Amino acid sequence: MTEPTLRPATPLLAPSLLSADFTRLAEALRLLESARDCVVHVDVMDGHFVPNLTIGLPVVEALRRETKLPLDCHLMITEPLRYAPAFVAAGANWVSVHQEADPHLHRTLRAIRDAGAQAGVVLNPATPVETLVDLVGDFDFVLLMSVNPGFGGQSFIPRALDKVRRLDALRTERGVPFFIQVDGGVGPGNATDLVAAGADVLVAGNAVFKAPDPLAAIQALHAEMAKGR
Ligand code: DX5
Ligand code: ZN
């Protein structure tokens, strides 16, 4: 069983492949390998929990064969317990599941850890962080959505910043280490504030892969994030 993880020494960037060119995923991986402090964010959508269909198990297996970078699989699917262990078997290092999609979250988190990955809970913009108080210790990280899940390229919902602060306070108050990830509309304009509020990992799709120079965009985001620590 994987023990809860301490916060990373430096904030990490998790570029989302959803915004990459799907005919050139190996090139996207080479890009992230050439930058420091990156993990690979993989957005899995089932057309039920969210109104979009994206990446599934065979793609995660292919990514695993192609890189040693941590694979961070964000499951936007109903009944996540049915598939979460299979994503670990396919090579995911981190697997996060939506609280709103699972009435048996404790069991699902246990299954992810038992399968050998870090287990995360995702909260939609409308779900308060206080709903996690009785699960502290049972997850390795929390992913706070700062857009409504389903699509890349949406605008950041500013209230997410306060949720990061409240979650950071919960972490301090309980003395239990877990890391905080933020996903949706992240860019150079909010990266510093998010890290200053307590975020450890920032997901960025369009801000990286739709930039004219993605490596420069990653470096600029890292620089903004460093100002927040
Ligand atoms: C949205 C996904 C995000 C998205 C981020 O449902 O979970 O990971 O791809 O893309 P940007 O950074 O463009 O908002
Ligand atoms: Zn995501």
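A charge counts as sitting over a ring if NZ of Lys or CZ of Arg is within 6 Å of the ring centre and within 35 degrees of the ring normal. In this predicted model, arginine 171 does just that: its charged end sits over the ring of phenylalanine 178, 5.8 Å from the centre. Beyond that pairing, here's a quick tour of a zinc site, some aromatic rings and a histidine.

**Zinc site**
- The zinc ion (ligand 2) is held by His41 (NE2), Asp43 (OD), His74 (ND1) and Asp183 (OD), at 2.0 to 2.3 Å.
- Angles of 70 to 169° between the six donor atoms make the arrangement octahedral.
- Along the chain, the donors are spaced as H-x1-D-x30-H-x108-D.
- Histidine 41 and aspartate 43 are both buried.

**Aromatic rings**
- There are four aromatic pairs in the structure.
- Tryptophan 94 and phenylalanine 141 form a tilted pair, because their planes are at 50°, with ring centres 5.6 Å apart.
- Tryptophan 94 is in strand E4 and phenylalanine 141 in strand E6, so this pair ties together parts 47 residues apart in sequence.
- Phenylalanine 141 is buried, at 0% relative accessible area.
- Phenylalanine 141 also stacks with phenylalanine 179, 4.8 Å centre to centre and with 5° between the planes.
- That second pair links strand E6 to strand E7 (residues 179–183), with the two phenylalanines 38 residues apart.
- Ring pairs thus join Trp94, Phe141 and Phe179 into a cluster.

**Histidine 222**
- Histidine 222 sits in helix H8 (residues 214–228) and is buried, at 4% relative accessibility.
- The histidine 222 side chain reaches the backbone oxygen of arginine 36 at 3.3 Å.
- Contacts of histidine 222 include Pro11, Leu13 and Cys38.

Notes. Residues are numbered from 1 along each chain as its sequence is written. Chains are lettered from A and ligands numbered from 1 in the order in which they are written. This is a predicted model: local features need pLDDT of at least 70, side-chain atom pairs count only at pLDDT 80 or more; totals for chains, interfaces and linings use all residues. Side-chain values use heavy atoms; hydrogens and water are left out. Donors are N, O and S atoms within 2.8 Å of the metal (3.2 Å for Na, K and Ca); water is not among the atoms, so sites may look incomplete. Four donors count as tetrahedral if all angles lie between 85 and 135 degrees; four count as square planar and six as octahedral if opposite donors are over 155 degrees apart and all others between 65 and 115; anything else is irregular. Buried means under 20% relative accessible area, exposed over 50%, partly exposed in between (1.4 Å probe, protein chains only). Helices (H or I, at least four residues) and strands (E, at least two) are DSSP runs, numbered from the N terminus. A polar contact is a pair of N or O atoms within 3.5 Å; within protein, one must be able to donate a hydrogen and the other to accept it, and residues adjacent in sequence count only if both atoms are side-chain atoms. Contact means heavy atoms within 4.5 Å. Rings of Phe, Tyr and Trp (its six-membered ring) pair if their centres lie within 6.5 Å; planes under 30 degrees apart count as stacked, over 60 as edge-to-face and the rest as tilted. Lists of a residue's contacts leave out its neighbours within four places in sequence.
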